[in-house]
Structures are given as C-alpha cells and as structure tokens.
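Thanks for coming. I have one structure to go through today, and I will keep to what can be read from it. Please have a look at it first.

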Amino acid sequence: MKSIIYQIALFILITFKSNSQTPYSTWEAGFYGGECYYLGELNETHFLPFNISFGPRVRYNYDQRLGLKLALTYGEISGDDAKSNNSFKRDRNFSFKSQLFEASFVGEFNFIPYSVLDKKASLGTPFLFLGLGYTRHNPKTQFNGNWVNTNELKTEGVNFNKNIFSLPIGIGYKMRAKKFGFEFSWGIRKSNSDYLDDVSTNFANNSFENTLSNETNNTNTTEYENVSNIKRGDQYNKDWYVFTGLTILINLTPEEVCRKI
C-alpha cells in the first residue's frame, strides 16, 4: 500500500510542474453533496444503505485535459447484519455506523478538451481521477441502548487505527455554463484498513470463564455463549468506501489574466 501511494504521489508531482501555467489554466472552488456508503463485511451492495456526504472543493485546471483537485469531505457509513440474507452474518448479529472525515488530493484527466475560458471547447466531458486520501473514522455500535465506540469493546482483542490512508479512484462527467461548472462523480476509495466496520478476523481468544464475564459479554452480539476465537470477518480483504454526488463550482480566474506560456 505504501509503495502504491508513493508511486501515485510521484506521478502527480512529475505531471504538474511547480508554478506551471497554460493559456487555459484556471482555478475553481465549489461544494459537493451526495451519498456515502461502504463495502465490507457488513455490506456488499452498491448505493445502499444511503448516507449523506458533503464538503468543499478547490480545483486547478492545468490545461484542457489535466487538473488537480483538493477535497475535504464528511460522510457517514453503516451496516447491519440483521438485514442480510446470509445466515453467517445474521448469526454474527452486528451493526455499526461511522463518521468519515476525508482530505484527498487527486489528479483528473478529461477525455474531451474542456475549459471555461475557451469558447470553442466542449461544454462537457467525461473524466477519470486518481489520487491519495487521508481519513479519520470512528465506528460505533449499539450496546444497552447506547452508541459505544467499538474500540472500547475490543471485540477482536485489538486497538485499530482510526486514521487511515486511501486511494480514491473514480469517474465522472463535468459540464460548464458560463462561469459555473457542474460535476457528477462516483469515486471509490480502497482503504488500508479492515476495521471501518470493526469486523476483520476472529472474536477475542478468551477462556470459557472469561467469556461468561460481564466484561467480555459486552463484545458478544451473537446468541452463543462462547465465541472465543471464532471467525468473525475476512482479514484478507480491506474495506472500501464510496462518495458519489454532484459538485457545483465557480470559476475564479478572470479571462483577461496575463498568462505565461
């Protein structure tokens, strides 16, 4: 994962030279709003369950084909074994919700020449993006009618990191109307964590006596008394999450600005 992050960062830095500018270089700022969902042990369905996401955006269009975007995004993800058709998941009987705070830096490639300054450019274009993300997550689950941080329960006997890295990859379509831009995008994030949902490996390895204690019973959401070291998740597949929605941007660069070529 670290080597992939390094290669992407190097690619972005090489592609965009510092202080570089073309006749069609522009700055845009805007706001995104849409949906957020995750893919992992408690959910394998795209677009469900529906949770909101939103945040500001700043984009530098290097030319008609390439751009860089800085994005700050808040989103929520959730999952519930009780809604699954899988008997193993229903027996596990776990549910969670989590808030995500992501800062991402991505490079964009337009398939068709696109610029708010060039009247001859296309009014819209599909595009691809790839970049780096840094995310804070905090999964919680219901216990005795209250939402509890899952790290406190130590269901699998570990303290997972709430700060993770991700690789945003996605597609979209952008359009322009005078000084405004509209962007529809779908972006999936491959994370370096399998604990977005607090489910990864096995239940904590406790003795039978400890399993019956009040402390460890807090971590057992199944109907079985002893779940010591029983399989709980799939540690070989990391969790993913998705932001998809609409971004409205405004051009910040005057048409008569002096440009270096």
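I will talk about the salt bridges, then the cavities, then the surface and one loop residue.

Before that, a caution: this is a predicted model.

Salt bridges, then. Side chains of opposite charge can pair when their charged atoms come close. A search of the whole structure finds 11 such salt bridges. I will take three of them.

In one, Glu 183 meets Arg 59, with N and O 2.4 Å apart. This pair links distant parts of the chain, since Glu 183 is in strand S9 and Arg 59 is in strand S2, 124 residues apart. Are these two residues buried or exposed? Both Glu 183 and Arg 59 are buried.

Strand S9 also holds Arg 189, while Glu 102 sits in strand S4, 87 residues apart from it. Arg 189 and Glu 102 form a salt bridge, and their closest N and O atoms are 3.0 Å apart. Again, both are buried.

The third pair is Asp 198 with Arg 232, where the closest N and O atoms are 3.8 Å apart. Here the partners are in loops: Asp 198 between S9 and helix H4, Arg 232 between helix H5 and S10, so the bridge ties together parts 34 residues apart in sequence. Asp 198 has a relative accessible area of 5%, so it is buried. Arg 232 is at 1%, so it counts as buried too.

Some bridges share partners, and in this way Glu 28, Arg 59, Lys 69, Glu 108, Lys 174 and Glu 183 are joined into one network.

Next, the cavities. How many of 30 Å³ or more does the structure hold? There are three. The largest has a volume of about 160 Å³. It is lined by 17 residues, and the closest to its centre are Arg 57, Lys 69, Phe 129, Ser 185 and Arg 189. Strands S3, S4, S9 and S10 each give two or more residues to that lining. S9 gives the most, with five. By class, the lining has six nonpolar, five polar and six charged residues.

Now the surface. Phe 31, Phe 47, Leu 48, Phe 50, Ile 52 and Phe 54 make a nonpolar patch of about 620 Å². Of these, Ile 52 lies in strand S2. Its relative accessibility is 44%, so Ile 52 counts as partly exposed.

Last, the loop residue. Asn 161 is in the loop between helix H3 and strand S8. At 49% relative accessibility, Asn 161 counts as partly exposed. Its C-alpha atom is 9.7 Å from that of Leu 196, and the two residues are 35 apart along the chain.

That is all I have.

Key: Residues numbered from 1 in each chain as written. Predicted model: local features only at pLDDT ≥ 70, side-chain atom pairs only at ≥ 80, totals over all residues. Heavy atoms only, no water. Patch = residues over 30% accessible without salt bridge, like charges linked within 9 Å, V, L, I, M, F, W, Y side chains within 5 Å. Areas by Shrake-Rupley, 256 points an atom, 1.4 Å probe, with all protein chains shown as cover. Salt bridge = Lys/Arg side-chain N within 4 Å of Asp/Glu carboxyl O. Helix = DSSP H or I, 4+ residues; strand = E, 2+ residues; numbered from the N terminus. Buried < 20%, exposed > 50% of the residue type's maximum accessible area, 1.4 Å probe, protein only. 1 Å grid on protein atoms, 1.4 Å probe; cavity = no way out; pocket = protein on both sides within 12 Å on 5 of 7 lines; lining within 4 Å. Points joined across faces, edges and corners; volume = space filled by probe spheres on them. Nonpolar A, V, L, I, M, F, W, Y, C, P; charged D, E, K, R; others polar.
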